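Trainee: Could we go through this model together, and could you show how each label follows from its definition?

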Amino acid sequence: MRAGLPPAAALAALLHAAVAAAGAGSDVLTTVNWARQRGCHVSALRAPLQSDLKLQKAAGRLAAGAALHDALTAAGYAASQSSALHFSGLLSDSQMAGAMTASYCRTLTNPAFRDLGWERRGRDLWMVLAAPASMPTAAEAGAVSQRILDLVNAARRAGRHCGAKYIAPAAPLALNASLTRAALAHSRDMAQYDLFDHRGHDGSNPAQRVERAGYGAHRIVGENIAAGAMSAAEVTDGWLASPAHCENIMDARFTQIGIAYAASLKPDPGMYWTQDFAAPR
């Protein structure tokens with residue numbers, strides 16, 4: 001994005017005075033927070049942004065030409081929301097604040113944003129504003145599984161298109177403890193060994209893992225996996241948007257489901273998700 005200088009000299013003078021009042025050593029963080037809290041006409045107070053080292057690295061990668069998602073991934077910052085701004089031709093804090101408040105108040109006043117990183121190169125400035133992703137904890141597993149089950153059963157109840165194929169409404173699935181154990185074992189396996197595959201590191205397939213978890217005789221078994229999603233809604237939306245995963249969710253032959261997730265053990269945070277479907281014999 002490119003932003004020009006503020007059009008009104010009066011606004012520039014006001015911004016200059018306000019930023020100067022923050023201190024002679026005002027910097028990008030001070031200026032952005034002034035714009036976030038006072039420069040944009042908002043009715044609610046916004047918490048000030050905090051400088052974040054990983055976002056500083058991400059901003060540097062943006063300046064080198066990387067896309068925002070790639071820059072965040074390379075910097076190891078897991079974001080639930082993010083936005084990037086690029087300003088060119090700026091010389092002073094007041095000009096920067098004027099450019100931001102003239103065009104980017106919606107981004108600046110987003111209450112979800114908590115962190116800021118920036119990179120100055122000559123007269124150019126790149127900024128990244130972001131909210132860190134909040135990964136569900138083990139203590140939240142029951143609530144997260146129930147939320148996914150509710151979303152899955154809502155889709156089954158309504159019927160839907162999975163790609164070009166329409167699938168009629170189906171009976172709701174019931175959560176099953178054995179299937180949940182199988183799903184948890186595979187999610188942990190993927191997280192531990194940095195795998196993303198239906199085949200476990202020991203060579204096991206979904207049916208074998210379901211049997212190993214004590215499910216018993218079954219007529220049919222299916223599995224959905226996902227990586228990277230950070231919430232029940234995000235992972236379910238992703239599955240429903242994928243024709244093959246959607247067909248598993250909508251398959252009327254399945255009567256029971258197990259749902260589980262595990263956090264990645266890599267330095268970069270992330271989640272691995274598994275749904276195991278089955279019907280007893």
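What follows is a set of questions on burial, contacts and cores.

Mentor: Bear in mind that this is a predicted model, in which local features need pLDDT of at least 70 and side-chain atom pairs count only at pLDDT 80 or more, while totals for chains, interfaces and linings use all residues. Residues are numbered from 1 along each chain as its sequence is written, and side-chain values use heavy atoms, with hydrogens and water left out.

Trainee: Why is L72 called buried?

Mentor: Its relative accessible area is 6%, and buried means under 20%, exposed over 50% and partly exposed in between, with a 1.4 Å probe and protein chains only; L72 is therefore buried.

Trainee: Which residues is L72 in contact with, leaving aside neighbours within four places in sequence?

Mentor: They are L55, A58, Y77, A79, S82 and V128, where contact means heavy atoms within 4.5 Å.

Trainee: Why does D194 count as partly exposed?

Mentor: Because its relative accessibility is 44%, D194 falls in the class between buried and exposed. D194 also has a positive phi of about 55°, although it is not a glycine.

Trainee: What makes a set of residues a nonpolar core, and which members of the largest one touch the most others?

Mentor: The set must consist of buried Ala, Val, Leu, Ile, Met, Phe, Trp, Tyr and Cys residues joined through side-chain atoms within 4.5 Å. Of the 28 residues in the largest core, I148, L173, V235, W239, I249, M250 and W273 touch the most other members. Apart from it lies another core of 23 residues, among them L29, A97, W118 and A131.
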